[in-house]
Amino acid sequence: MGFFCIFTRISNHPFMSVNKVILVGHVGQDPEVRYIENNTPVCTLRLATSEVYKNKSGERVTTTEWHSVVLWRGLAEVAEKYVKKGTQVYIEGKIRTRAWEDKDKNKRYSTEIVADVMQLLGKRADEPGHT
């Protein structure tokens with residue numbers, strides 16, 4: 001059975017681009033939620049995604065990538081209530097890099113995933129049979 005692909009032009013706009021991230025991983029520590037102006041909740045969490053492969057010697061190797069994820073408003077409230085260290089989540093969002101100054105007035109950059117969608121996966125921590 002053959003495989004074929006149909007290519008279609010999505011847009012005639014010459015400057016079209018896509019900034020889309022999909023991650024499935026485990027939360028590395030309990031989320032940090034803070035409230036900014038107008039009592040708007042903002043949640044930050046660290047998400048680990050891992051890849052397992054065999055090296056040339058046949059040994060199993062695991063590499064883990066850590067992602068900083070930012071959730072706003074309703075998603076932040078859900079994370080505050082239900083997400084804990086070890087929770088497996090599906091995150092959909094976009095990459096954002098922001099500039100900031102450290103205490104010594106050095107310019108620093110942080111790259112984050114700003115989530116548009118979060119879905120809890122697996123069993124909840126308070127469910128029977130959860131380890």
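Let me start in the loop between β2 (32-36) and β3, where N39 sits. This is a predicted model, so please hear everything as a description of that prediction. N39 is not a glycine, yet its phi is positive, about 60°. Why does that deserve a mention? Most residues other than glycine have a negative phi. N39 also counts as exposed, because its relative accessibility is 57% and the cut-off for exposed is over 50%.

There is another case of this kind. R73 is found in helix α1, and its phi is near 50°, again a positive value in a residue other than glycine. R73 counts as exposed as well, at 53% relative accessibility.

Now the inside. The largest nonpolar core has 16 residues, and those touching the most other members are L45, L47, V69, L71, V89, I91 and M118. Which elements give two or more residues to this core? They are β1 (21-27), β3, β4, α1 (73-82), β5 and β6.

Take I91 from that list. Setting aside neighbours within four places in sequence, I91 is in contact with V21, I22, L23, L47, V69, I113, A115, V117 and M118.

One of those partners, V117, lies in strand β6. Is V117 buried or exposed? Neither label fits: V117 is partly exposed, because its relative accessible area of 33% falls between the cut-offs of 20% and 50%. Beyond four places in sequence, V117 touches L75, Y90, I91 and E92. With Y90, the C-alpha to C-alpha distance is 7.8 Å, although V117 and Y90 are 27 residues apart in sequence.

Next, two residues with polar side-chain contacts. T49 is in strand β3. T49 is buried because its relative accessible area is 15%, and buried means under 20%. What does the side chain of T49 make a polar contact with? The partner is the side chain of H67, at 2.8 Å. Leaving out neighbours within four places in sequence, the contacts of T49 are L23, V24, G25, T63, T64, E65 and H67.

S110 is in strand β6, and it counts as buried at 18% relative accessibility. Its side chain makes a polar contact with the side chain of W100, at 2.8 Å. W100 is also among the residues in contact with S110 when neighbours within four places are left aside; the others are R96, T97 and R98.

For a contrast in exposure, look at R60, which is in strand β4. R60 is exposed, with a relative accessible area of 65%. Residues up to four places away not counted, R60 touches V52, Y53 and K54.

Last, empty space. Rolling a probe the size of a water molecule over the atoms shows where such space is left. In the second largest pocket there is about 160 Å³ of it. The elements giving two or more residues to the lining of this pocket are β3 (40-54), β4 (60-72), β5 (88-101) and β6 (107-121). Residue by residue, the lining consists of R34, V42, T44, V70, W72, R96, R98, E112 and V114. How many of these are nonpolar, polar and charged? The lining has 4 nonpolar, 1 polar and 4 charged residues. R96 and R98 line this pocket, and both are also in contact with S110.

That is where I stop.

How values were computed
Residues numbered from 1 in each chain as written. Predicted model: local features only at pLDDT ≥ 70, side-chain atom pairs only at ≥ 80, totals over all residues. Heavy atoms only, no water. 1 Å grid on protein atoms, 1.4 Å probe; cavity = no way out; pocket = protein on both sides within 12 Å on 5 of 7 lines; lining within 4 Å. Points joined across faces, edges and corners; volume = space filled by probe spheres on them. Helix = DSSP H or I, 4+ residues; strand = E, 2+ residues; numbered from the N terminus. Nonpolar A, V, L, I, M, F, W, Y, C, P; charged D, E, K, R; others polar. Buried < 20%, exposed > 50% of the residue type's maximum accessible area, 1.4 Å probe, protein only. Contact = heavy atoms within 4.5 Å. Core = buried A, V, L, I, M, F, W, Y, C linked by side-chain atoms within 4.5 Å. Polar contact = N/O pair within 3.5 Å; in protein donor to acceptor, adjacent residues only side chain to side chain.
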